[in-house]
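Open the model in your viewer and keep the sequence panel beside it. Each stop below says what to select and what is there.

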Amino acid sequence: RGDGYSGFDILSKALLFIPNTLNSSFSGDIRGEITLTNETFEELNEISNSDYKNIRNATAGLINSKDHTDEEYSFLRFFAYEIMGDNKHTKKEQFAILRKLGFETALSSELTDVFVFDDIDAPKSENSEDVIDRALLKIYNEFSEKAPFDIDGLVVTDLNNSHTSENVKIPESTVAVKFNQLTAKSKLIDVAWNVSKSGRLSPVGIIEPVELGGSTISNATLNNLHFIDELGLKLGCVVTILKSGDIIPKVVGVEHVDKDGESDISFPK
């Protein structure tokens, strides 16, 4: 676990994720993701003394701890997605090899023929970027329905490229595409004013605590004064909170449910 170059040594736990079917003829480095599924996350919380808020924290807690039981470790699953340094096979072929070796693999789908503009559902004026966006969103929605865990985006790569000369940490032929769909509604109760080192004001909305993406959110980014004015924010209004990139909560919308119960936001002087 780390940044692609260095991190925690969890080699002692590697045997938990190596399939019994893996034979000694295979030699190589396999890259993937260790995680809990939605189902195993619920089971873990039922038998564990720990009250984990989300899958990410629970997975890290299990991997970094030496005190958990074999039963708790059994809830973890490993999803492989790359054979490192393999210059003989394409990404598509690597996935087939990994499955044959007994590994579970990440969900994958081929994005082909997206530049065919005679698609009945596609507007004739649609440009190539719109077509690709629409195709990616379709795949994302399909994955979201069948994935055993919550996902917030896709990784797009060239299946016919062996990627042998790529930077290990930041692959040049791979792009992450985020679909920010983790939203919730809450009441704006106050605004805090943070000042950066350069003297810039950064308003933060204080909201009634709300659960979003496995964590409790009590404040959210309001960007700047112009954003507050443009959105027409007032204390007491209902705001839509979005977890950008599944990490940073920010206000993206507003509803004026009870205008009589709202008041103007006081700007610093």
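Select D264 and K234 and show their side chains: they meet in a salt bridge, 2.3 Å from N to O. This is a predicted model. D264 lies in the segment after β10, and K234 sits in the loop between α6 (225–231) and β9, so the pair ties together parts that are 30 residues apart in sequence. With a relative accessible area of 54%, D264 is exposed. K234 counts as partly exposed, at 30% relative accessibility.

Keep K234 on screen and add E262, which also lies in the segment after β10 (248–255). How far is E262 from K234, the nearest side chain of opposite charge? The distance is 6.0 Å, and E262, though buried, has no salt bridge. A salt bridge here requires a side-chain nitrogen of Lys or Arg within 4 Å of a carboxyl oxygen of Asp or Glu. K234 is nevertheless one of the residues that E262 touches. Leaving aside residues up to four places away in sequence, the others are L235, G236, C237, E255, H256 and V257.

From that group, go to E255 and add K185. Their side chains form a salt bridge of 2.8 Å, N to O. E255 belongs to strand β10 and K185 to strand β6 (residues 183–195), so this pair ties together parts that are 70 residues apart in sequence. Are the two partners buried or partly exposed? E255 is partly exposed, with a relative accessible area of 34%. K185 also counts as partly exposed, at 47%.

Next, select E82 and K91. Here the closest N and O atoms of the salt bridge are 3.2 Å apart. Both E82 and K91 are buried. Add R31 to the selection: salt bridges that share partners join R31, E82 and K91 into one network. The structure holds six salt bridges. As a general point, side chains of opposite charge can pair when their charged atoms come close.

Now turn to strand β9 (residues 238–244) and pick I241 within it. At 0% relative accessibility, I241 counts as buried. Show what surrounds I241, again not counting residues up to four places away in sequence. The list of residues it touches is L182, T183, A184, I207, L212, I217, A220, P249, K250 and V251. To see one of these from the backbone side, draw a line between the C-alpha atoms of I241 and I207: they are separated by 9.6 Å, and the two residues are 34 apart along the chain.

Move along to I206, in strand β7 (residues 201–212). I206 is partly exposed, with a relative accessible area of 28%. Which residues does I206 touch, beyond those up to four places away in sequence? They are K187, L188, I189, D190, V191, A192, S218 and N219. I217 was among the contacts of I241. From I206, I217 is eleven residues away in sequence and 9.3 Å away in space, C-alpha to C-alpha.

A backbone stop comes next. Select N223, in the loop between β8 (215–221) and α6. Its phi is near 65 degrees, a positive value in a residue other than glycine. For context, most residues other than glycine have a negative phi. N223 is partly exposed, with a relative accessible area of 33%.

For the helices, select residues 38–47 (α1) and 55–64 (α2). At what angle do they pack? The angle is about 65 degrees, and the axes are 11 Å apart. The crossing of α1 past α2 is left-handed. Show side chains at the contact: N38, F41 and L44 from α1 meet I55, A58 and L62 from α2. By type, these contact residues divide into five nonpolar, one polar and no charged.

Finally, zoom out and colour by secondary structure. The chain has six helices and ten strands. Of its 269 residues, 32% are buried. Residues 24 or more positions apart account for 55% of the contacts with a separation of 6 or more. Among the long-separation pairs already visited are E255 with K185, 70 residues apart, and D264 with K234, 30 residues apart.

Methods: Residues are numbered from 1 along each chain as its sequence is written. This is a predicted model: local features need pLDDT of at least 70, side-chain atom pairs count only at pLDDT 80 or more; totals for chains, interfaces and linings use all residues. Side-chain values use heavy atoms; hydrogens and water are left out. Axes are lines fitted to C-alpha atoms, for helices over the stretch in contact, and angles run from 0 to 180 degrees between N-to-C directions. Helices (H or I, at least four residues) and strands (E, at least two) are DSSP runs, numbered from the N terminus. A crossing is left-handed if the near helix is turned anticlockwise from the far one by less than a right angle, and right-handed if clockwise. Contact means heavy atoms within 4.5 Å. Ala, Val, Leu, Ile, Met, Phe, Trp, Tyr, Cys and Pro count as nonpolar, Asp, Glu, Lys and Arg as charged, and the others, Gly among them, as polar. Buried means under 20% relative accessible area, exposed over 50%, partly exposed in between (1.4 Å probe, protein chains only). Lys and Arg count as positive and Asp and Glu as negative; His and the chain ends are not counted.
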